[in-house]
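Reader: I'm new to this structure and would love a friendly walk through it. Could you show it to me before we start?

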Amino acid sequence: GVQTCALPICIASSGVHSNGFSLVRKILADNCLDLHKVYPELSNKLLGEVLLTPTKIYVKQVLSVLAECPKAVRALAHITGGGITENLNRALPETMDALVNKDAWEVPAIIKMGIEAAGLTEEQALKTFNMGIGMVLIVDAARVDAVMDELAKSGEEPVVIGKIVEGTGVVRYAE
């Protein structure tokens, strides 16, 4: 197989965050969705309540990893507007790609609902929404366990979402 010297570890988002909200407003209008209605696919929560989930900030978790696992983190990518495809690539050198396994994490129900209502292709969705990932740490392969442990101490459930491989500085998705 392909040798990798670094692995991308994700921290989950708390929801839509600040990206994709212009599309969310359009979806609400086009589909006559009611912010005051409870939707079964949203674990029987009010749509408006789910959309107003505060955006998670990752400063404490990341600072604790940087302090406790020196030199483990090679780069960070905040997954905002442009989704995984157009944010994770910014953390890559021109000679490496992120090969992301889309089955590695669970996409939140609110995002699945938005994708379906907007009729987005998977490629469009990956460039629009965070897909449930708020932050990616690109970590030295030998230090992954230490970083995962440190993130778990902060109450996170980090997931390795693929690998960093030779390439041209883009995000690719494993089939």
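Author: Two strands pair if DSSP finds at least two bridges between them. Please keep in mind that this is a predicted model.

Reader: Thanks! With that in hand, how many bridges join β1 to strand β7, and which residue does C10 stand opposite?

Author: β1 and β7, the latter covering residues 159-160, run antiparallel. The number of bridges joining them is two. Within β7, the residue standing opposite C10 is V159.

Reader: Which residue of β6 is the bridge partner of I11?

Author: Strand β6 spans residues 133-140, and β1 pairs with it in the antiparallel sense over seven bridges. In β6, the bridge partner of I11 is M135.

Reader: Is strand β1 largely enclosed by the rest of the structure or not, and why?

Author: A residue is called buried when its relative accessible area is under 20%. In β1, residues 6-12, six of the seven residues are buried. The strand is therefore, with respect to the rest of the structure, largely enclosed.

Reader: Which helix gives the most to the largest nonpolar core?

Author: In general, nonpolar side chains tend to be buried together in soluble globular proteins. Here the largest nonpolar core has 38 residues, and I84, L88 and M131 touch the most other members. With four residues, the helix that gives the most to this core is α4, residues 109-118.

Reader: How many residues are in the other core that lies apart from it?

Author: Members of that other core include I9, C69, V73 and V144. Its number of residues is 15.

Reader: Are α3 and α6 oblique or parallel to each other?

Author: Helix α3 (residues 59-68) packs against helix α6 (residues 144-153) with the axes 9 Å apart, at an angle of about 140°. Q61, S64, V65 and E68 of α3 make the contact with V147, E150 and L151 of α6. Angles over 145 degrees would count as roughly antiparallel. The two helices, α3 and α6, are therefore oblique.

Reader: What is the order of the strands in the open sheet of three strands?

Author: The pairing in this sheet is mixed. β8 (162-166) and β9 (171-173) are the edge strands, each pairing on one side only. The open sheet thus has the order β8-β5-β9.

Reader: And which residue of β9 is the bridge partner of L99?

Author: Strand β5, residues 96-100, runs parallel to β9, and three bridges join them. In β9, the bridge partner of L99 is R172.

Note on methods: Residues are numbered from 1 along each chain as its sequence is written. This is a predicted model: local features need pLDDT of at least 70, side-chain atom pairs count only at pLDDT 80 or more; totals for chains, interfaces and linings use all residues. Side-chain values use heavy atoms; hydrogens and water are left out. Buried means under 20% relative accessible area, exposed over 50%, partly exposed in between (1.4 Å probe, protein chains only). A nonpolar core is a set of buried Ala, Val, Leu, Ile, Met, Phe, Trp, Tyr and Cys residues joined through side-chain atoms within 4.5 Å. Axes are lines fitted to C-alpha atoms, for helices over the stretch in contact, and angles run from 0 to 180 degrees between N-to-C directions. Angles under 35 degrees count as roughly parallel, over 145 as roughly antiparallel, 65 to 115 as roughly perpendicular and the rest as oblique. Contact means heavy atoms within 4.5 Å.
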